[in-house]
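The following exercises concern helix geometry and the burial of side chains. Each task is followed by a worked solution.

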Amino acid sequence: MEGLWELPGRGAKPTWKEEDIEFLKECLKNESRTYNSLQLVQKLEKERSVKLSADRLRRILKKKGLFGNEPEKVTKENKTP
């Protein structure tokens, strides 16, 4: 029974590769503009022919530590007295 869990082929196969995430990382680092997840999905589909949903890409980037860990900018609203 334990051997069944170790067999390959369980679940959906990823539609993206690590190189695709590296491509996005380089784009974010080299370009001066900012992107939201929908724009990143469109860029990935246009330039790398990889189809992902914006939600899925957001989860992948968050898991890799590339998204959602930016330090906040200090503004009058969130500045502590």
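**Exercise 1.** Compare the expected span of α2 with the distance between its end C-alpha atoms.

*Solution.* Helices here are DSSP runs (H or I, at least four residues), numbered from the N terminus. The expected span is 1.5 Å times one less than the number of residues. For the twelve residues of α2 this gives 16 Å, and the end C-alpha atoms are 16 Å apart, which agrees.

The model is predicted: local features need pLDDT of at least 70, side-chain atom pairs count only at pLDDT 80 or more, and totals for chains, interfaces and linings use all residues. Residues are numbered from 1 along each chain as its sequence is written, and side-chain values use heavy atoms, with hydrogens and water left out.

**Exercise 2.** Determine how the buried residues of α2 are arranged around its axis.

*Solution.* Buried means under 20% relative accessible area, exposed over 50% and partly exposed in between (1.4 Å probe, protein chains only). In α2, S37, L40, V41, K43 and L44 are buried. Their arc, taken from the directions from the helix axis to the C-beta atoms, is within 165°, so they line one face of α2. They pack against α1 and α3 (contact: heavy atoms within 4.5 Å).

**Exercise 3.** Repeat the analysis for α3, residues 54-64.

*Solution.* The buried residues are A54, L57, I60 and L61. They cover an arc of only 125°, which puts them on the same side of α3. K62 and K63, on the other side, are exposed. The buried residues of α3 pack against α1 (18-30) and α2 (37-48).

Notes: Helix = DSSP H or I, 4+ residues; strand = E, 2+ residues; numbered from the N terminus.
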